[in-house]
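Reader: I'd like to learn how to read the ligand and metal sites in a model like this. Can we go through them together?

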Amino acid sequence: MFLTKAQVEAYDRDGFLILPNLVSKDEVALIKQGLARAAQVDDDRIIREKGGGAARMIYGMDDLSGPTGCAATEALSRSNRLLQAARDVLRDEVYLFHIKANFKEALTGQIWQWHQDFGYWRTDGLREPRLVTTMLMLDKATELNGCLYFVPGSHKEGTIDAPFDDKTTSVGLWTLSKEQQTDLVNRRGEPVPVIGEPGTVAMFHPDTVHGSGHNMSTHARWQMYFVYNAVSNVMQPVPKPRPAYKANRNNVALQIRAKESILEPAE
Ligand code: SIN
Ligand code: MN
């Protein structure tokens, strides 16, 4: 175990868990360097904001032979801190379903409407929401720069049949309607801001309803998302599978790397 019993209970109860200072400032700096390099690449792994311009999202940092590969990010995905914590909440061996980075550039970074990630992932052939997202703050996350918000306990609703919205931003999402979100908050309580210093980690359940606002500040808000799937949550075939960098079907259990700090090279 990496997490305490009380932390796992809090995750099960709330659908999320915040772990401040889990990653050091030097480790964050190394990851940001790799990400800045990846953002320069011209490839389908990079999704730009609506109307073009700044990168909104990048996939594939775990594929070291791919154009957006980032050795520091890949190494962190196998650290005891992240990997064992994911095993603890899923009670299983895990593998990486994908890694993505979400940029939200100063003044221009756009919103993420209220949604559950499993709304999308079930269309990839996943039967059960037995995944966990481990989100790492690469910049200070504030309410002004568009931090994430979670609706506590919303994972207990199951996967809500929400309408698909591919108009609001450059990324299509099954987005809760006004009525669905209002009813949810009336029953579950107000959304909780996920703010913190760089190096803070937030783990959340695929059915936890979350969203974030426009970046109104003059500071960027970059975040990295490591999504782990339980190895026993085998993906079913679908007619049009998404690329492996978005929906990895190769469920070989990931092993913890020998060196815990990603500043120490290799195994
Ligand atoms: C997401 O829901 O995938 C991202 C939200 C955010 O980065 O604010
Ligand atoms: Mn999401």
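Author: Sure, starting with polar contacts: a polar contact is a pair of N or O atoms within 3.5 Å; within protein, one must be able to donate a hydrogen and the other to accept it, and residues adjacent in sequence count only if both atoms are side-chain atoms. This is a predicted model, where local features need pLDDT of at least 70, side-chain atom pairs count only at pLDDT 80 or more, and totals for chains, interfaces and linings use all residues; side-chain values use heavy atoms, leaving out hydrogens and water. Residues are numbered from 1 along each chain as its sequence is written, while chains are lettered from A and ligands numbered from 1 in the order in which they are written.

Reader: Which distance separates an oxygen atom of ligand 1 from an N or O atom in the side chain of R221?

Author: That one is 2.7 Å. For S212, a polar side-chain atom lies 2.6 Å from a ligand 1 oxygen, and for H115 the side-chain N or O atom is 3.0 Å from an oxygen of ligand 1.

Reader: And what coordinates the manganese ion (ligand 2)?

Author: Donors are N, O and S atoms within 2.8 Å of the metal (3.2 Å for Na, K and Ca); water is not among the atoms, so sites may look incomplete. Here H115 (NE2), D117 (OD) and H210 (NE2) coordinate the manganese ion at 2.1 to 2.2 Å. Along the chain, these donors have the spacing H-x1-D-x92-H. Strands (E, at least two residues) are DSSP runs, numbered from the N terminus. H115 is in strand β5 and H210 in strand β12, so the pair ties together parts 95 residues apart in sequence.

Technical notes. Helices (H or I, at least four residues) and strands (E, at least two) are DSSP runs, numbered from the N terminus.
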